[in-house]
Each structure stands twice: as structure tokens, then as C-alpha cells.
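Visitor: I should like to learn how sheets and packed helices are read from a model. May we proceed one feature at a time?

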Amino acid sequence: MTNSSATEPDNTRAAPPPSLLTDAAFRLLVEAVEDYAIFLLDANGHVATWNNGARRIKGYDAGEIVGRHFSVFYPPDDIAAGKPQHTLATAARAGRVEDEGWRIRKDGSRFWANVVITALHDEQGNPIGFAKVTRDMTDRLRLAELQHARELSAHVQTALENERASIARELHDDLGQQLAALKMQVSLLDTTPQNARFAQQALTQIDTIIGSLRRIAAGLRPPVLDDLGLFAAIDWLVCDYRRRYDLTIHLDIEGDEAGIDTTASTSLFRLVQEALTNVVRHARASEVRIAIVRASSRCTLTIEDDGCGADIRRGRAAGTFGLLGMGERVRQLGGAIEFRSAPGAGFRIAVDIPLKGVADDDPTASPVP
Ligand SMILES: Nc1ncnc2c1ncn2[C@@H]1O[C@H](COP(=O)(O)OP(=O)(O)OP(=O)(O)O)[C@@H](O)[C@H]1O
Ligand SMILES: [Mg+2]
């Protein structure tokens, strides 16, 4: 048995107490609003009232601003273009105007504002002024700008990778084939014993050019990345760095490449490449350890060296993009990256990315290395 009268909501609408309907109460309500600047302008655009939100957003106390023309809130170029007057005229004609743009605070700083101006009329329909509601949208604008910049950066990264791949292909398929044909022609030349030495020199030179071409094309995009996959390409890269810089690099790979798509494998390859370049350029390290684990639906990559390290709390120096680019690549994959270093304590980069289309078969797997 239920006691319905005790639990049912009371749907009857209570009339507001008469005291809440007074002008004074309404004014108090408007004055108390913090998130919106709500104020009145007279018919010529002079500020007539001021609320808490207006003080918070624009920085003026009521005594400093009431009586001044509202154009003081606009940037100089808008004032020069007659925007304040034009906006009021539009509001008077259309009844209401909404606008977004930069506005100026008392201290001269700018904020991105959403502004609604509504024309007010007395009971006879004569214009008496305007109600103006302003909202500070700077945070939202910054977020939108950040999102836009990130989309642009993703686009640029992809375009750059495509361009590199296409240049590498052209070098290999076009120049490479032409040089191979030239080599064949030179070797078929019917040479006198005197010319044989020159022919041999030409063949050696062509071989050197083919070698350089291969190295340049591989630097742009190693064919092994497309032919044999990510892990073989990283192995190739590591061997190349060992050979060229006489560096001890331990490479440890666990798991297979399931779920690591083209974008992820290009990004992981570039991460290792940039990290190794940094080791060579900055670390003065004797050993580097690279570990890649593809387990469950995640792939983790750690690269650490025993070099001089850096004070990464000081933030990014102007003109350096390597670590920034790494962060961008990982973010685009929906993953996380952590840099850990201090002067004298080596440099460690830990990356964790989720993989698409792979079942999460190990619920105990730790996502962060
Ligand atoms: N393995 C490392 N050991 C010591 N310091 C490092 C290491 N990796 C990076 N750093 C420090 O971090 C800074 C930023 O690295 P980042 O790769 O962003 O820029 P960069 O290598 O100087 O220039 P680039 O934009 O050409 O990559 C470096 O200038 C260096 O001081
Ligand atoms: Mg770098």
C-alpha cells in the first residue's frame, strides 16, 4: 500500500508573491547577474544602467561608465568605421541586432563578445533607448581557434607525409630507372681497351649516384615501411643510426602489428626517428633503449637515453618543433605522450596509443608505460 499523497509532486503552479513582481526586485535580479553584462543605453547610445556582470566583464564601476557613450567598448578601427552608430541604427530599425566581435575592457585588453541590442519603446511606441546584453565568449573562441589549429596541423602532417612519399617514389621509379638503364648502356659499350678504364669509372660513378638516390629516398620514406611494415622499418632505422653514429641502441619489440594502421605506423616511425635525431644532436648519450609493446588494444613506445638530459620545465625554446610535433602526432592518434628529463638524468619519452579494431583482450594491461 502506498501513500500517494505524500509522494506525488505538487503540479499546481504557485503565483509569485506580489513583492517579486516589483521593478525594484527585477532590477535586483538584473544587477545580481554575473555572467552577462546587462545594461540600458539611452536613445543616443549613452550608458544608463550597469550591472555586476558588466562590471566583471568590462572592468568599469557604475560611477565610471554611466553617462558615457557605449562606443567606448569598441576597438578603434570599429569606431573609425562607425560600427557603434550603425549597430544602434540597425537595432532601432529592426528591433534587435546580434553581433560577435572584439570589444575593449577598461584596462585596454580585448575580449570576444556576443552582443544583443534590443530597441525599447514606451507605451505609445516612442523609442526610449536600448537594452544591451553582452557575453564574454573569449574562452569559446580560443577553443574553436585551438581546434582549428589542430585540424590544420593534422592536415599539414598528412600532406607532408604524402608529399614525401611521392617524392621518394619519383626518385626511385623515375631517376632510379633511368640510371639503371644508363648503367646497362655503358656496360654494353663496345669499348677499346683504352676506353674500358673510362667506362669502368662511369659505371662506378653511376653506382655511387644510385646509392645516394636510394639513401635520399629512404630518408624521405623508407620503402621498408610500406613493404615490410612498421617493426621492420624501425629495425632498419635503428641499424642505420647504430652504423652512422656508433651508438649503442637496444631495441625490444613485443607483439605483432595488428591494429597499427598506416597513420599510426607513420607516426610511430617518425616519433622514433625524431627521438633518435634528438639523441644524436643533444644527448651525448652512450646508450639508448627503445621498447615497443603491442598488447591488447594499445601500443606503447618508450625511448630513453642515458645522456645529459634537459630542463624540460623551462618550456619550449623558440624555433624548436620536434617534441611539439611528437605531441601533435600522438594527440591525433588519441593517445598520450610523456617527456621525462632533468639535467644530467637522461631523457625519456613514453607514448601510449589506442588501436582501432583490436579487441581489448587483457583487462589488466596498463595503458601508460
Ligand atoms: N634526448 C635528449 N637529450 C637531451 N636534451 C634533449 C633531448 N631531446 C630533446 N632535448 C632538448 O629538448 C629541446 C627540444 O627538442 P626538439 O626536438 O623539440 O627541438 P630541437 O631538436 O632543438 O629542434 P627541431 O625542431 O629541429 O627538432 C632540445 O633543444 C634539447 O634541448
Ligand atoms: Mg629535435
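Guide: Two strands are taken to pair if DSSP finds at least two bridges between them. Please note that this model is predicted.

Visitor: Which residue in β3 is the bridge partner of Arg96?

Guide: In general, the strands of a sheet pair through backbone hydrogen bonds, in either a parallel or an antiparallel sense. Here, Arg96 has Thr118 in β3 as its bridge partner. Strands β2 and β3 (residues 110-121) are antiparallel and are paired over nine bridges.

Visitor: In what order do the strands of that open sheet lie?

Guide: The order of the four strands is β1-β4-β3-β2, with antiparallel pairing. At the edges are β1 (36-42) and β2 (96-104), each of which pairs on one side only. On average, neighbouring strands of this sheet are turned by 25° against each other, direction ignored.

Visitor: Which helix lies across β2, β3 and β4?

Guide: That is helix α7 (residues 138-188), which runs at about 130° to β3.

Visitor: How is the open sheet of five strands ordered?

Guide: Its order is β5-β6-β7-β9-β8, and the pairing is mixed. Strands β5 (248-254) and β8 (336-341) each have a single partner strand, so one side of each is left without a neighbour in the sheet. Neighbouring strands in this sheet are turned by 10° against each other on average, direction ignored. Between β8 and β9 (residues 347-354), which run antiparallel, there are six bridges. Within this pair, Ala336 stands opposite Asp352 in β9.

Visitor: Which strands of this sheet does α11 touch?

Guide: Helix α11 packs on the sheet and touches β5, β6 (287-295), β7 (298-305) and β9, its direction making about 10° with that of β7. Helix α12 also packs on the sheet, where it touches β8 and β9; the direction of α12 makes about 150° with that of β8.

Visitor: At what angle do the axes of α11 and α12 cross?

Guide: Two packed helices are described by the angle between their axes and by the distance between those axes. The axes of α11 (residues 262-283) and α12 (residues 322-332) come within 10 Å and cross at roughly 160°. Angles over 145 degrees count as roughly antiparallel, and α11 is therefore roughly antiparallel to α12. Their crossing is left-handed.

Visitor: Which residues of α11 and α12 meet?

Guide: From α11, Ser267, Arg270, Leu271, Glu274, Ala275 and Asn278 meet Gly322, Leu323, Met326, Arg329 and Val330 of α12. The residues of this contact comprise five nonpolar, three polar and three charged.

How values were computed. Residues numbered from 1 in each chain as written. Chains lettered and ligands numbered in written order. Predicted model: local features only at pLDDT ≥ 70, side-chain atom pairs only at ≥ 80, totals over all residues. Heavy atoms only, no water. Axes fitted to C-alpha atoms, helices over the stretch in contact; angles between N-to-C directions. Helix = DSSP H or I, 4+ residues; strand = E, 2+ residues; numbered from the N terminus. Parallel < 35°, antiparallel > 145°, perpendicular 65-115°, else oblique. Left-handed = near helix turned anticlockwise from the far one by under 90°. Contact = heavy atoms within 4.5 Å. Nonpolar A, V, L, I, M, F, W, Y, C, P; charged D, E, K, R; others polar.
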